[in-house]
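Here is a short report on one protein chain. It covers burial, packing and charge pairs in turn.

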Amino acid sequence: MAVAAAPGAMGALLASRVRMAAACCAPLGPRWRPPGSFTGPGVGWAISVRGWTPAAGGATLRRGYSSELKTEDELRVRYLEEENRGIVVLGINRAYAKNSFSKNLVKMLSKAVDALKSDKKVRTVIVRSEVPGIFCAGADLKERVKMNSSEVGPFVSKIRTVINEIANLPVPTIAAIDGLALGGGLELALACDIRVAASSAKMGLVETKLAIIPGGGGTQRLPRAIGMSLAKELIFSARVLDGQEAKAVGLISHVLEQNQEGDAAYRKALDLAREFLPQGPVAMRVAKLAINQGMEVDLVTGLAIEEACYAQTIPTKDRLEGLLAFKEKRSPRYKGE
C-alpha cells in the first residue's frame, strides 16, 4: 500500500482517516435534511429524465409500478408505489442501439442520479433494461466512430463519472442483468452493490478486442469483485461469461433461469429490494458507507471508520424506535430520522 511510516506519522495518518470517516458520516445524522427532495404527490410518478415532468396518461402497471412513460424516452425513472414505495427503478430504453451509452443517455443518467442522491425517500435503486435480451452493450460505437481523437477521452471520462456517481449513491443499488452486458454495460453493473442475472445473460469486458481497455472503472472494480488474477484473464481474453459462469466466479450474487417475460433478474432484484425496505434507512446508508470506505483501507483504519459510522446511528429516532418496537413485539416504523 503506502511506504512504511514512523509510529508517530502512522498515528497521525490514522487520526486523519478517522476524521475523514467522521466527516463522511456526519451528513447522515438525524438532523440532515437533503436539498431538493421530492416531497409532493409526484413521488409516485414515473418521470421522464429528458424534461423531468410526470408522464401524461398511461395505465398503471402491474407489480406496484407507477405510470408508464412514452416509448421514445431513453431512460425511464420509476418511483414504485404501494408495498414497493421507496424503490426506484432506472430503466434503460435504447432498443435501436442495444442500450449503448450515447452522449444523451449519459447526460440523462447523470441528471437522474443527481436527483436520487439527495432524495431522502429513496431506499433502494434498481438498474435494469427495458429492452428484452439486452442490459447494456457498452459505448455507442456508431456515435464513437464519428468522434475525432480529441473527443474520445472526454466522453469516456463522462461515462466513468456517471458510473462513479451510481457507485457513490448512498442507498443500496442492484443491477438486474436480463441480457447482454458488455464493456461499459458490465462496468455499469459492477458499480452497483449487488448484481443478479439470468442464466442466459452474457457478460464481459471485451474492450481489448477493439485495441482499448475498459475505461468506466472495469480495470479497478472487476479485480475487487473476483480477484486480480481472474480479472486479468477475463480482460486479456475479452471472454464473455453466461449467468452460470458469472455466478461461479463471484461476479454476480444470484443467477436465475429466464422466464417468458424476460425479466427474471429484475424480479429477483425487486424481491431483494423489498427485503431491504423494512430496515432502518439511516443504518442502511451508513452501513454502505462503512463497507465501501473500509474496503479501501487497512483493517485498523476500517474498524475506525466503522466506529465513526456506528456513532451516527446512536442519536437517531429510528434507533429508539427499533428498541421500542422490540420491547412491544411489533414491527418498527422507521422514518429515516
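A residue counts as buried when its relative accessible area is under 20%. Glu321, at 15% relative accessibility, therefore counts as buried. Its salt-bridge partner is Arg330, with the closest N and O atoms 2.7 Å apart. Arg330 is partly exposed, with a relative accessible area of 22%.

The model is predicted.

**Overall make-up**

The protein chain has 337 residues, and 47% of them count as buried. It holds 12 helices and 12 strands. About 16,700 Å² of the protein chain is exposed, with carbon and sulfur atoms supplying 58% of that area. Take the contacts in the protein chain with a separation of 6 or more: residues 24 or more positions apart account for 65% of them.

**Nonpolar cores**

Which residues make the most contacts inside the largest nonpolar core? They are Leu75, Leu90, Phe135, Ile177, Met203, Leu222 and Leu251, in a core of 50 residues. Helix H2 (residues 103-116) gives the most to this core, with 7 residues. Another core, of 16 residues, lies apart from it. Val89, Ala176, Ala273 and Phe276 are among its members.

**Helix H6 and its surroundings**

Leu222 also belongs to the buried set of H6, together with Gly218 and Ile226. Seen down the axis of H6, the buried residues fall within an arc of 25°, so they line one face of the helix. An α-helix has 3.6 residues a turn, so residues three or four places apart point the same way. The buried residues of H6 pack against two helices, H5 (184-190) and H7 (228-237). After H6 comes Gly227, with a positive phi near 100°.

The loop between strand S10 (202-204) and helix H6 (218-226) holds Leu210. Leu210 joins Leu141 and Ile212 in a nonpolar patch on the surface. Together the three have about 270 Å² of accessible area.

**Salt bridges**

Side chains of opposite charge can pair when their charged atoms come close. The count of salt bridges comes to 14. Three of these pairs are set out below.

| Pair | Closest N to O distance |
|---|---|
| Glu130 and Arg76 | 3.5 Å |
| Asp140 and Arg94 | 3.3 Å |
| Arg330 and Glu321 | 2.7 Å |

Start with Glu130 and Arg76, which form a salt bridge. Glu130 lies in the loop between strand S5 (124-129) and strand S6 (134-136), and Arg76 in strand S3 (residues 75-79), so the pair ties together parts that are 54 residues apart in sequence. Arg76 is buried, at a relative accessible area of 7%.

Next, Asp140 and Arg94 meet through their side chains. Asp140 sits in the loop between S6 and helix H3 (141-144), Arg94 in the loop between strand S4 (87-92) and H2, so this pair links parts that are 46 residues apart in sequence. Asp140 counts as buried, at 10% relative accessibility. Arg94 is buried too, with a relative accessible area of 4%. Both belong to a network of salt bridges that also includes Glu74.

**A buried acid in a loop**

Is Asp263 buried or exposed? Asp263 counts as buried, because its relative accessibility is 7%. Its place is the loop between strand S12 (254-256) and helix H9 (264-276). Asp263 and Ile177 are 86 residues apart along the chain, yet their C-alpha atoms are separated by 8.7 Å. Ile177 is one of the residues with the most contacts inside the largest nonpolar core.

How values were computed. Residues numbered from 1 in each chain as written. Predicted model: local features only at pLDDT ≥ 70, side-chain atom pairs only at ≥ 80, totals over all residues. Heavy atoms only, no water. Patch = residues over 30% accessible without salt bridge, like charges linked within 9 Å, V, L, I, M, F, W, Y side chains within 5 Å. Areas by Shrake-Rupley, 256 points an atom, 1.4 Å probe, with all protein chains shown as cover. Salt bridge = Lys/Arg side-chain N within 4 Å of Asp/Glu carboxyl O. Helix = DSSP H or I, 4+ residues; strand = E, 2+ residues; numbered from the N terminus. Buried < 20%, exposed > 50% of the residue type's maximum accessible area, 1.4 Å probe, protein only. Arc of directions from axis to C-beta. Contact = heavy atoms within 4.5 Å. Core = buried A, V, L, I, M, F, W, Y, C linked by side-chain atoms within 4.5 Å.
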